[in-house]
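Reader: I am new to protein structures and would like a close look at a single part of this one. Please start there, then show me how the rest fits around it.

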Amino acid sequence: MFDAIEKLKEYISYQSVSADSAFKEGMGQTRDFVATMLGDLGLSVEIVNTDKHPIVMARRTGEPSWPHVVIYGHYDVQPVDPIELWETKPFEATIKGDRIYGRGTADNKGPQMAHIAAVAELLEENPDLPLRITFLIEGEEEIGSPSLLPLLEERKEELSEADFVLLSDTLSPSADQVAVTVGLRGIVEMEFHLQGPKSDLHSGLHGGAVYNPLQAMAEICASLHTPENRVNVPGFYDDVTEVEDWEREELKVLGSDLEAYADSVGVDALHPIAGYTPFEAIRYMPTLEFNGLWGGYTGEGSKTIVPSKASVKITCRLVGDMKPDVVGKQVADALMSRVPKGLKGEVHMGHTGVPYLVVPPDRPNTPEGQSEILAKAYRATDAAVTDVFGKKPLFLREGGSIPIIADVKRVTGLDSVMIGLFLPEDNLHAPNESMSLEVLKKGIQVSKRVLKEVAGV
């Protein structure tokens, strides 16, 4: 029998930090572990080499009439720093009570294991299960999945004939309230630089005569929002789609304890866009955020200068039909148009990702002609989560961005069923990352039931 917890413990022991070349050996060991594990299930395994870290593809073929599901996951993890804050060894799985600790437990080795274990148990129970399965496990998600889009384009014909993608790399609000993510915000990144005098100037000799780049940067940044927290960029909201009433009703089930939310993030007051609650704003509305602002002297003590340069890092979260290239140009044009005389501005564009939205079946805005298999998978997820976890799942958009999900949709036409199996207390990307073993066990049962229903057995 497939022992999901023992497999997960071994999986965690492999040091698969994709961002750090010092972990190259660990990345290779993890890749081989995934390939062997899937091969032992009787699947045909292919290791697809990339410029950085290979992608593991494993297939269970069958009759063309059988439904076909793609199961996505990633075997890479975040760095463990700061190591001194860990209470257990990050690459040595430790079980304390009902939780398993270690880097990757919640993101994404644990949730991913729920689907691997579900397939293992199903095939042990029913070797002739009428279901085609393709596992797609990458090693670069934590560095932006640079190799996944080329693979999708290269394998477009093969993947496009599948029915949907199943994954668990999203959040649920609590151990007994599962969220099925139906929307993700897109993203566009940029850096904006202002150049003033050719070098830093003595502020006594030149202050008041030249435009201080830091002053100008502060003024430009302040101009990008209204007092109502709307983004003050022409055309920014043109492609934002309306929020449906059923979505607001789903969100209300979570409750609206604004005081608890403010306390959880350590602020005395919240500042959502006018007309939206904070909980609506982080799921349904776009943003423009300043991620870092610098220039001049920041060391100990004082240095009385007019700095020659100032810089800011900006990211925008996108929703609806917003397009990263369009929004990026809108913001860049706004920045450049507000550069005062005497200074020079420069914008460097960074990583982008388009937003994603799927409408479950039986909603007022469910698209006509929705795939029957996709609809069956969503209905099965609803029923399975309700039975196994004891509460109906909430079908919610999420404030974060997983650009690959939109890439999958754009290239292959496939929608995704995203079942949240990590929780706020799991410490993703932080010291002492962990996962609830009860959630893992229930996740296996949910995945089994969904796959069985899709297979029609």
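Author: What follows starts with one helix, then turns to the whole chain and to a few single residues.

This is a predicted model. The part to look at is helix α12. Find it at residues 372-389. Helix α12 has 18 residues. From its first C-alpha to its last it reaches 25 Å. At 1.5 Å a residue, 26 Å would be expected, and the value for α12 is close to that.

Now look at which residues of α12 are buried. Start with I373, L374 and A375, which are among them. A377 and Y378 are buried too. Further along come A380, T381 and D382. A384, V385 and F389 complete the buried set of α12. Note that D382 is on this list, along with residues such as L374 and V385.

What do the buried residues of α12 pack against? They meet four strands and a helix. The strands are β7 (164-167), β8 (179-184), β16 (394-398) and β17 (416-419). The helix is α14, residues 437-455. Trace each of these partners in the structure, starting from β7 and ending at α14.

Step back to the whole chain. The protein chain holds 14 helices and 18 strands. Helix α12 is one of those helices. The chain has 457 residues, and 52% of them count as buried. Contacts reach far along the sequence. Take the contacts with a separation of 6 or more: 79% of them join residues 24 or more positions apart.

Next, the overall dimensions. The radius of gyration of the protein chain is 24 Å. A compact globule with 457 residues would have one near 23 Å, so the chain agrees with that expectation. Along its principal axes, the C-alpha trace spans about 85 × 50 × 45 Å. The chain exposes about 20500 Å². Carbon and sulfur atoms supply 49% of that area. Charges come next. The chain carries 43 positive and 70 negative charges. Their mean positions are 2 Å apart.

Compare the buried residues of α12 with a residue at the surface. K344 sits in strand β14, residues 344-353. K344 has a relative accessible area of 64%; the cut-off for exposed is over 50%, so K344 counts as exposed. K344 still has contacts beyond its sequence neighbours: it touches H193, L194, Q195 and V339, leaving aside residues up to four places away. For a sense of scale, take K344 and L122. They are 222 residues apart in sequence and 63 Å apart in space, C-alpha to C-alpha.

Finally, check the backbone at a few places. A cis peptide bond joins D81 and P82, with omega at about 0 degrees. P82 lies in the loop between β3 (68-74) and β4 (94-96). The bond from D107 to N108 is also cis, and its omega is near 10 degrees. N108 belongs to helix α3, residues 105-125.

Two asparagines deserve a look as well. N427 is not a glycine, yet its phi is positive, about 60 degrees. N432 is not a glycine either, and its phi is about 65 degrees. N427 is in the loop between β17 and β18 (434-436). N432 lies in the loop between β17 and β18 as well. Their exposure can be set side by side. N427 is partly exposed, with a relative accessible area of 32%. N432 has 15% relative accessibility, so it counts as buried. This loop also leads back to the start: β17 is one of the strands that the buried residues of α12 pack against.

Definitions and conventions
Residues numbered from 1 in each chain as written. Predicted model: local features only at pLDDT ≥ 70, side-chain atom pairs only at ≥ 80, totals over all residues. Heavy atoms only, no water. Rg over C-alpha atoms; globule rule 2.2 N^0.38 Å. Buried < 20%, exposed > 50% of the residue type's maximum accessible area, 1.4 Å probe, protein only. Contact = heavy atoms within 4.5 Å. Areas by Shrake-Rupley, 256 points an atom, 1.4 Å probe, with all protein chains shown as cover. Lys, Arg positive; Asp, Glu negative; His and termini not counted. Charge placed at Lys NZ, Arg CZ, Asp CG, Glu CD. Expected span 1.5 Å × (residues − 1).
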